[in-house]
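Let's go through a model together, asking at each step what stands behind a term. The structure comes up next.

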Amino acid sequence: MAFVVDSQDNLIIHVYRGRILRLSPQGTLSVVTDDIRKDIKKSPYPSCNAMAIDSRDNVYMADDEVIWKMTPDGKVSMFAGVPFTASRKDGPLATAQFRGIEHIDVDATGTIYVAERDNTNKDNLGDFYLIRKIGTNGLVSTVVNTRENPALKTRWLAGMGVDAQGSLYVSDGSGRCIKKIASNGTISTVAGLCGKREFHPVYVQGTISKAELMAPQDILIDRTGAVIFADGRLNRIIKVANETVATLAGNSEIQPNNVNMGGRSKEGYKDGKALTALFNFPQRCALTIDSRQNIYIIDGGNDCIRRLSADGTVTTVAKRAD
């Protein structure tokens, strides 16, 4: 499952096997398309592992090596990538190649960013990531290569977001921290003590100089510039603002750090006040935000979509039928 919010605050949701639904702010569910593959006459056929949307409500869906574009009326076409090449190449959009796309986002200008995982282990140093962008001029370029940049070295880039100024934020899942890539290329740590604990992590709220995270994943930036992310092992939504890390939603019991070497809190399911709500993220989690600053959460373990409203209430807005 993947989703985005359009300019009218509708949720556009890829549910399974190419089916796209629209959920209005009033709770009305409608079908955008029963199958994103239906108008494609030959291979490759569209699929959706990650999703983003631009200011004109064009939806971009990434699979491993191709980015597909769906217009507001549901028409799907290939936007970028050369199928069946399994390689990477910068340059004009028509010839640029992608491989291993895991995350996609669009900034306010329409620039598209993708994060690609290289798992070939061709240098026997393990996985690394490339973050690349598709400019509004139609040129594809590499923003950063984590193997070549010590400030961003990670074995697992677990989430990516972009702010109004075009700065990127990435979750370093292996380092248990969040980093910022400014538009001028400067890299800084936003939250978490990167690399402090490979195993037996702890969760520490408070000033960013001391705060610790467990498994930061999907990221969004609200209109105030606050960084909001899901922590997949804490089953919490966490906010970073004014140089402080604090739980925004979720209250599951955290196990002692000697119980689970990767860190863990108990999964649950409970709506209500944000700081008493319970989530179940390990299977899948994603975040998006609407114009009213309501945060929507794919709660994969509970097979549903939750809303964290601006007034601090968690409700379930959609749930798969049993």
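The questions below deal with the two domains, a sheet and two backbone details.

This is a predicted model, in which local features need pLDDT of at least 70, side-chain atom pairs count only at pLDDT 80 or more, and totals for chains, interfaces and linings use all residues. Residues are numbered from 1 along each chain as its sequence is written, and side-chain values use heavy atoms, with hydrogens and water left out.

Q: How do you know that the chain is divided into domain 1 and domain 2?
A: The bounds come from an automatic or database domain assignment. Domain 1 covers 1–149 and domain 2 covers 155–321. Their C-alpha centres lie 22 Å apart.

Q: What makes residues of domain 1 count as in contact with domain 2?
A: Contact means heavy atoms within 4.5 Å. On that basis, 30 residues of domain 1 are in contact with 30 residues of domain 2.

Q: What is meant by the area buried between domain 1 and domain 2?
A: Buried area is the accessible area (1.4 Å probe) that two parts lose on being put together, summed over both. Here the value is about 2100 Å², and carbon and sulfur atoms give 69% of it. Met-1, Phe-3 and Asp-9 supply 28% of the area that domain 1 buries against domain 2, more than any other three residues.

Q: How many salt bridges are counted between domain 1 and domain 2?
A: A salt bridge needs a side-chain nitrogen of Lys or Arg within 4 Å of a carboxyl oxygen of Asp or Glu. Between domain 1 and domain 2 the count is 0.

Q: Why is the sheet with the order 9-13-12-11-10 called open?
A: Strands are DSSP runs (E, at least two residues), numbered from the N terminus, and two strands pair if DSSP finds at least two bridges between them. Strand 9 (91–92) and strand 10 are edge strands, as each pairs on one side only. The 5 strands therefore form an open sheet, with antiparallel pairing.

Q: What makes strand 9 and strand 13 a pair?
A: They share 2 antiparallel bridges, and at least two are needed. Gly-91 stands opposite Val-140 in strand 13.

Q: What stands out about the peptide bond between Ser-43 and Pro-44?
A: This bond is cis, with omega about 5°, whereas most peptide bonds are trans. Pro-44 is in the loop between strand 4 (29–33) and strand 5 (50–53).

Q: What is notable about phi of Phe-84?
A: The angle is near 65°, a positive value in a residue other than glycine. Most such residues have a negative phi. Phe-84 lies in the loop between strand 8 (76–80) and strand 9.

How values were computed: Helices (H or I, at least four residues) and strands (E, at least two) are DSSP runs, numbered from the N terminus.
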